[in-house]
Amino acid sequence: IEGIFGSDLPTTAAKGSVQLIVHPHLGDLTNRDYMRVLTGLRWGLTDQTEVMAAVEGYFDHGLKHTSEGSGIGDLRLETKHTFGEHLIPGYESSVGLNLYFPVAHPPVGMTTGHNQYTPYFVIGRRLTSHPGLTLFFETGLNLLEKTSIAGSFEKNHLHSSSIFLTPGIVYTRYPFHYTLELSYATTALVGHDNQNSFTVRPGFAWDLPPPMRFHAKGRVTVALGLNVIFGPEGTSTGGGGKLRAEFGLTRWMRRDAKDVGEPPSSSR
């Protein structure tokens with residue numbers, strides 16, 4: 001969940017599964033003149049590979065006096081391949097590539113004005129001695145390419161390409177999830193300058209029970225997070241809440257046997 005948990009764990013969607021992702025940025029109601037909504041599809045291409053395509057749109061929410069109009073601000077493409085425990089015995093591992101492209105004429109504060117290419121490698125291990133606890137380590141590159149689209153960087157966001165290292169933990173006691181990421185990034189080896197940042201990001205997520213999501217056949221998650229960044233512009237803090245809804249499209253496209261009067265023992 002963007003802003004709450006930013007790492008990619010070494011797992012992929014089930015083969016053949018198709019998910020619709022809707023992620024409204026509720027904090028925009030007070031922090032911006034417009035609301036951003038990320039909408040996309042995630043597809044389990046094979047048992048080991050998934051792909052995702054999404055666009056982030058924006059529209060005036062009407063609570064401010066200024067107007068930014070509406071449109072699409074960026075395009076996101078992601079792919080990930082998992083090796084399971086074959087590459088490193090005892091550890092699950094994956095490689096992936098995330099692509100981000102600002103498009104059209106979004107509000108200046110919505111994008112950095114740069115294309116971003118992020119190849120990464122991540123390993124993780126579920127501890128059998130502590131059920132629900134997963135340790136992981138992610139490393140990769142965040143390569144920036146300037147575009148003609150106007151944008152701006154948030155405080156302590158590195159302004160050129162960087163290498164990042166992120167160890168972290170995920171602890172699940174369903175329906176609650178607790179996360180902690182410790183991320184270090186530097187532009188020294190691949191960027192145009194020599195800047196460094198260190199981020200501490202604790203997070204909490206709650207999968208809503210069926211009555212609170214009207215018994216919908218999907219997953220709705222409410223999450224809270226905190227960011228503390230020690231970077232070239234000093235120390236910055238932030239945080240907030242998120243709402244994320246995921247629904248399997250195949251549930252809508254097929255008819256359950258009980259809905260057409262077939263006996264429960266019928267094969268499907």
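Which residue forms a salt bridge with Glu-56? In this predicted model, the partner of Glu-56 is Arg-76, and the closest N and O atoms of the two are 2.9 Å apart. Glu-56 lies in strand 3 and Arg-76 in strand 4, so the salt bridge ties together parts that are 20 residues apart in sequence. Glu-56 is buried, with a relative accessible area of 2%. Arg-76 is buried as well, at 13%. As a general point, side chains of opposite charge can pair when their charged atoms come close.

The strands that carry this pair are a good place to continue. Strand 3 (residues 49-60) runs antiparallel to strand 2 (residues 34-44), and 11 bridges join the two. Strand 2 and strand 3 form a hairpin, with 4 residues between them. On its other pairing, strand 3 meets strand 4 (residues 70-88), again in the antiparallel sense and over 11 bridges. Individual positions help to trace the register from strand to strand. Gly-40 has Ala-54 of strand 3 as its bridge partner, and Ala-54 in turn stands opposite Arg-76 in strand 4. Arg-76 therefore appears twice in this account, as the residue opposite Ala-54 and as the salt-bridge partner of Glu-56, with which it ties strand 3 to strand 4.

The count of salt bridges in the model comes to 7. One of them joins the side chains of Arg-42 and Glu-50, with an N to O distance of 3.7 Å. Arg-42 is buried, its relative accessible area being 14%, and Glu-50 counts as buried at 11%. Another salt bridge is formed by Asp-28 and Arg-36, whose closest N and O atoms lie 2.9 Å apart. Here too the burial of each partner can be stated: Asp-28 has 2% relative accessibility and counts as buried, while Arg-36 counts as buried at 12%. The Asp-28 and Arg-36 pair belongs to a wider arrangement, for Asp-28, Arg-32 and Arg-36 are linked in a network of salt bridges.

Further along the chain, His-177 deserves a look of its own. This residue has its place in strand 9 (residues 176-186). His-177 has a relative accessible area of 13% and is therefore classed as buried, the cut-off being under 20%. Two polar contacts involve its side chain. With the side chain of Asp-207, His-177 makes a polar contact of 2.8 Å, and with the side chain of Thr-172 the polar contact is 3.1 Å. Leaving aside neighbours within four places in sequence, His-177 is in contact with Tyr-171, Thr-172, Gly-203, Phe-204, Ala-205, Asp-207 and Arg-219. Thr-172 and Asp-207 are thus found in this set of contacts, and each also makes a polar contact with the histidine through its side chain.

The surface offers a contrasting picture. Phe-137, Leu-165, Leu-182, Tyr-184, Phe-198 and Phe-230 form a nonpolar patch there, and together these residues have about 490 Å² of accessible area. Among the members of the patch, Phe-230 is found in strand 11 (residues 218-231). Phe-230 has a relative accessible area of 41%, which means that this residue is partly exposed.

Notes:
Residues are numbered from 1 along each chain as its sequence is written. This is a predicted model: local features need pLDDT of at least 70, side-chain atom pairs count only at pLDDT 80 or more; totals for chains, interfaces and linings use all residues. Side-chain values use heavy atoms; hydrogens and water are left out. Patches are made of residues with over 30% relative accessible area and no salt bridge: like charges are joined within 9 Å, nonpolar side chains (Val, Leu, Ile, Met, Phe, Trp, Tyr) within 5 Å. Accessible areas come from the Shrake-Rupley method with a 1.4 Å probe; for residues, only the protein chains shown count as cover. A salt bridge is a side-chain nitrogen of Lys or Arg within 4 Å of a carboxyl oxygen of Asp or Glu. Buried means under 20% relative accessible area, exposed over 50%, partly exposed in between (1.4 Å probe, protein chains only). Two strands pair if DSSP finds at least two bridges between them. A polar contact is a pair of N or O atoms within 3.5 Å; within protein, one must be able to donate a hydrogen and the other to accept it, and residues adjacent in sequence count only if both atoms are side-chain atoms. Contact means heavy atoms within 4.5 Å.
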